[in-house]
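This report describes one protein chain, from its charged pairs to its strands and domains. Please look at the sequence and the structure before reading on.

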Amino acid sequence: MSRLEARLQQARAALDEDLGVGQVYGRLLRVTGMVLEVSGCRLILGQRCRVETHGGGELEAEVVGLDREQALLMPLAQPSGLFTGSRVSPCSPDARLAVGDNLLGRILDGQLRPLDGLPLKLGRQIPWHAPVPNPLHRQRVSEPLDVGVRAINALLTPGKGQRMGLFAGPGVGKSVLLGMMARYTRAEVVVVGLIGERGREVREFIDDCLGPEGRAKAVVITAPADQSPLLRVRAAEACHRVAEYFRDQGRDVLLLMDSLTRFVQARREIGLAVGEPPVARGYPPSAFSALTELVERAGNGHHPQGSLTAFYTVLAEGDDQQEPVADAARAILDGHIVLSRRLAEQGHYPAIDIGASISRVMSKVAEPPHWTRAVQCKRWFSLYQQVRELLPLGGIQAGKSPETDEAIARYPQLQQFLQQREEEAVDLAESLRALAALTGEQDA
């Protein structure tokens, strides 16, 4: 090798060591509320960025809108220390997150960072966004899922891969019911999403409702109400992505998300901040499209052994079952469970209004005798509710309607059947035996 070639190789090696790849930065032009206007670099919708703050720190943000040559960003934390001309560094558009069995039993935030003060081992890296399975490749809902609650197992039997709504006003026991399902379900993995709830309720749900038994096989992802709307949205998406991972590993997964309403409200905040027009009680169109996209991620996938069953709580503000979010959710879910304030005030827990609730896949996962008995119980419940206000007044005469007389006679036993203590677990087989005894038939 000649001296010239040797010197060229030395020079080339020196360049590789000293010079990095060029980086294009943007500049912060304006801050309006939670929206940051940036120009000077090419950004992709949904891409993460780091914004320079006073003192040399950085604030993580995400692109939520585009306006001509400017990008609209929203920070993942409360914006502080920003100044005109702050340098904006684009991150890799290929966002990924680490998942695996190391997440079981852990409490995480919307970016899957530990909140319980314990170290988290790095798991398998998967893309943050994954395509929704082809509807023709999804496995059908054909098997029941045991959730450990007698009223749901027997009269509103959920199937593996079903998506159910839990419609309730505040203070009627929805968190307790979710905790019971998390502890007593036969699903192998439980993913709990606490989205937009009060910070005090997060600790109470983990300690009181979930407990050590439920936490051992659960992944809890939380984004309280005081966090940015973008982080609340990311937490809801992270719940589904983690649940999808375990489902695709061939496991039965139960996803419990509290609440779907807070997710839509966070999307409303983002949509209004970037200039979308409100169309229904202040909700922009993107909020309802995001609702559909999120719910469609749940359900069965292509793996013949895995399933993803989801229960979403929907807050009925003022006990209004027809408000926009509740109405939209009811249309895209595979059934709904309504918790009644009237029953809760009577000390009837869980306060499930059987007459107003329905599982749209129960006929596909329940045996014919089970289905017939469940319909009969719902018939008794409905008939009793029609005449219950007349009974104290003596307005019902025995013998005029044998079916109504039977409903009145059966209601005390039915009421006892529908109630269950928080510390009591009732599996599917036991629920069906109790249902057969209630209807006066022999269990098959």
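A salt bridge is a side-chain nitrogen of Lys or Arg within 4 Å of a carboxyl oxygen of Asp or Glu. The model is predicted, so local features need pLDDT of at least 70 and side-chain atom pairs count only at pLDDT 80 or more, while totals for chains, interfaces and linings use all residues. Residues are numbered from 1 along each chain as its sequence is written, and side-chain values use heavy atoms, with hydrogens and water left out.

**Salt bridges**

Side chains of opposite charge can pair when their charged atoms come close. The structure holds 26 salt bridges. Three of the pairs are listed in the table.

| Pair | Closest N to O distance |
|---|---|
| Arg234 and Glu62 | 1.9 Å |
| Arg68 and Asp67 | 3.3 Å |
| Arg163 and Glu296 | 3.2 Å |

Arg163 lies in strand β10 and Glu296 in the loop between α7 (285-295) and β14, so their salt bridge ties together parts that are 133 residues apart in sequence. Helices (H or I, at least four residues) and strands (E, at least two) are DSSP runs, numbered from the N terminus.

The salt bridge between Arg234 and Glu62 also links distant parts of the chain: Arg234 belongs to helix α5 (residues 229-248) and Glu62 to strand β4 (residues 58-67), 172 residues apart. Both residues also belong to a network of salt bridges that links Arg48, Glu60, Glu62, Arg234 and Glu237.

How buried or exposed are the residues of these pairs? Buried means under 20% relative accessible area, exposed over 50%, and partly exposed in between (1.4 Å probe, protein chains only). Arg234 and Glu62 are both buried. Arg68 counts as exposed because its relative accessibility is 81%, and Asp67 is partly exposed because its value is 35%. Arg163 has 11% relative accessibility and therefore counts as buried, whereas Glu296 has 32% and therefore counts as partly exposed.

**Strand β10**

Arg163 leads on to its strand. Strand β10 covers residues 163-168, and six of its six residues are buried. In a regular strand the side chains alternate between the two faces of the sheet. In β10, Arg163, Gly165 and Phe167 point one way, and Met164, Leu166 and Ala168 point the other way.

Two strands pair if DSSP finds at least two bridges between them. Strand β10 runs parallel to β14 (residues 307-315), joined by six bridges, and Ala168 stands opposite Leu315 there. Strand β10 also runs parallel to β15 (residues 335-338), joined by three bridges; in β15, Phe167 has Val338 as its bridge partner.

**A buried aspartate**

Asp146 is found in the loop between β9 (124-127) and α2 (150-155). Which side chain of opposite charge is nearest to Asp146? It is Arg186, 4.0 Å away, and Asp146 is buried yet has no salt bridge. Lys and Arg count as positive and Asp and Glu as negative, with His and the chain ends not counted. The side chain of Asp146 does reach the backbone nitrogen of Gly148 at 2.9 Å.

Contact means heavy atoms within 4.5 Å. Leaving aside neighbours within four places in sequence, Asp146 is in contact with Asn153, Thr185, Arg186, Val426, Asp427 and Leu428.

**Domains**

Domain bounds come from an automatic or database domain assignment. The assignment gives domain 1 (26-90), domain 2 (96-363) and domain 3 (371-439). The centres of domain 2 and domain 3, taken over C-alpha atoms, are separated by 30 Å. Across these two domains, 29 residues of domain 2 are in contact with 24 residues of domain 3.

How values were computed: Polar contact = N/O pair within 3.5 Å; in protein donor to acceptor, adjacent residues only side chain to side chain.
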